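Please walk through this structure from its pockets to its metal site and then to the strands around them. The sequence and the model are shown first.

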Amino acid sequence: MQNIHAHTWDQALHFTPATVREADVARGYPIDLTVRFDSLMADMAPFEKVLLFGMKARLNGYWVPDDYVADFIARAPGRLYGFAGCDPTQPAYMDELAYGIEERHLSGVKMGPTYAGFDPRDPRCEPVYAYCQERDLPILMHCGTTFNSQAPLKYSRPWLWDDVAIAYPGLRMVLAHVGHPFCDECLVVIRKHANLYADISALYYRPWQFYNLLITAQEYHVTHKLLFGTDYPFARARESIEGLRHVNDMLAGTALPRVSQQTIDEILNRDGFALLGIH
Ligand SMILES: [Zn+2]
């Protein structure tokens with residue numbers, strides 16, 4: 001198994017105090033989101049490969065340097081892989097990207113349009129997309145809602161990526177969290193474009209939504225574009241795996257359609273690293 005979506009950061013160093021408070025409010029209790037190497041590796045035991053990234057989104061108080069991610073993954077080479085962060089609203093973002101990729105050898109790019117406050121179709125993104133398409137680097141995009149009050153939801157809608165994929169058909173992108181709660185919209189966008197995927201991280205704990213998006217994916221014949229991820233530290237490995245395996249449990253006594261065992265097994269066993277060209 002592989003985990004295509006997990007984080008590394010230190011909330012004391014990389015989040016503003018206001019952002020930490022918002023995370024606490026979202027949960028209803030204080031939570032330490034700092035990722036510690038030993039705890040991460042213990043949680044990631046089921047996975048042969050894990051993709052880690054931080055986040056650069058100045059608007060909402062996230063700034064995880066690429067050096068931090070690169071140093072972290074260097075502690076488990078061949079097991080941990082890292083993406084560079086990119087916030088195209090900030091100065092010198094292309095220089096930072098070139099550094100993360102060319103000097104620190106990160107394997108792709110993480111962007112968070114709603115967190116950073118930009119439209120995925122913004123012209124400032126074009127050099128990023130061109131750079132990545134030319135070098136065959138995948139981009140994982142946060143897609144869908146979040147708890148941060150200053151993150152504009154208008155930049156979270158999956159259909160925004162339709163234009164990006166039309167303009168950059170060779171660019172491999174993952175839309176995170178199947179664009180929740182706009183999951184249907186995300187599924188029809190990834191169905192259209194050969195190089196667009198979605199990850200199912202941090203969805204199992206809303207079982208009704210999770211079940212429905214998997215059924216919709218089956219009906220649109222797009223389950224082969226779904227990749228497994230956890231969104232650690234927001235969600236853990238075992239619970240995420242079991243949540244998928246037991247998604248049909250709530251159907252007992254009903255005639256509702258089932259998520260097929262084949263769909264479940266294929267999502268858990270898919271080689272997302274190969275599909276995205278991560279090495
Ligand atoms: Zn995430």
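**Pockets, zinc site and strands**

The largest pocket holds about 420 Å³ of space. The model in which this pocket is found is a predicted one. The lining of the largest pocket is made up of 23 residues. Those nearest the centre of the pocket are Tyr115, Phe147, Tyr205, Asp231 and Phe234. By class, the lining of the largest pocket has 12 nonpolar, seven polar and four charged residues.

Strand E1 (2-7) and helix H2 (17-27) each give at least two residues to the lining of the largest pocket. H2 supplies the largest share, three residues.

Asp231, one of the residues nearest the centre of the largest pocket, is also a ligand of the zinc ion. The metal is coordinated by Asp231 through OD, and by His5 and His7, each through NE2, at 2.1 to 2.2 Å. Along the chain these donors follow the spacing H-x1-H-x223-D. The two histidines fall within the range given for E1, 2-7.

Are the two histidines buried or exposed? Histidine 5 counts as buried because its relative accessibility is 1%, and the cut-off for buried is under 20%. Histidine 7 has a relative accessibility of 3% and therefore counts as buried.

From histidine 7 the path leads to the next strand. E1 pairs with E2 in the parallel sense, over four bridges, and histidine 7 stands opposite phenylalanine 53 in E2. Strand E2 spans residues 49-53 and is mostly covered, with four of its five residues buried.

E2 also pairs with E5. Three bridges join these two strands, which run parallel, and valine 50 stands opposite leucine 80 in E5. E2 is thus bridged to E1 and to E5.

E5 leads on to the second largest pocket, where about 180 Å³ of space lies. The lining of this pocket consists of Ala70, Ile73, Ala74, Pro77, Gly78, Leu80, Tyr81, Gly82, Arg104, His105, Ser107 and His279. Helix H4 (66-73) and strand E5 (80-82) are the elements that give two or more residues to this lining. E5 gives the most, with three residues. Leu80, which stands opposite valine 50, is among the residues that line the second largest pocket. By class, this lining has six nonpolar, five polar and one charged residues.

Methods
Residues numbered from 1 in each chain as written. Predicted model: local features only at pLDDT ≥ 70, side-chain atom pairs only at ≥ 80, totals over all residues. Heavy atoms only, no water. 1 Å grid on protein atoms, 1.4 Å probe; cavity = no way out; pocket = protein on both sides within 12 Å on 5 of 7 lines; lining within 4 Å. Points joined across faces, edges and corners; volume = space filled by probe spheres on them. Nonpolar A, V, L, I, M, F, W, Y, C, P; charged D, E, K, R; others polar. Donors = N, O, S within 2.8 Å, 3.2 Å for Na, K, Ca; no water. Buried < 20%, exposed > 50% of the residue type's maximum accessible area, 1.4 Å probe, protein only. Pairing = 2+ DSSP bridges.
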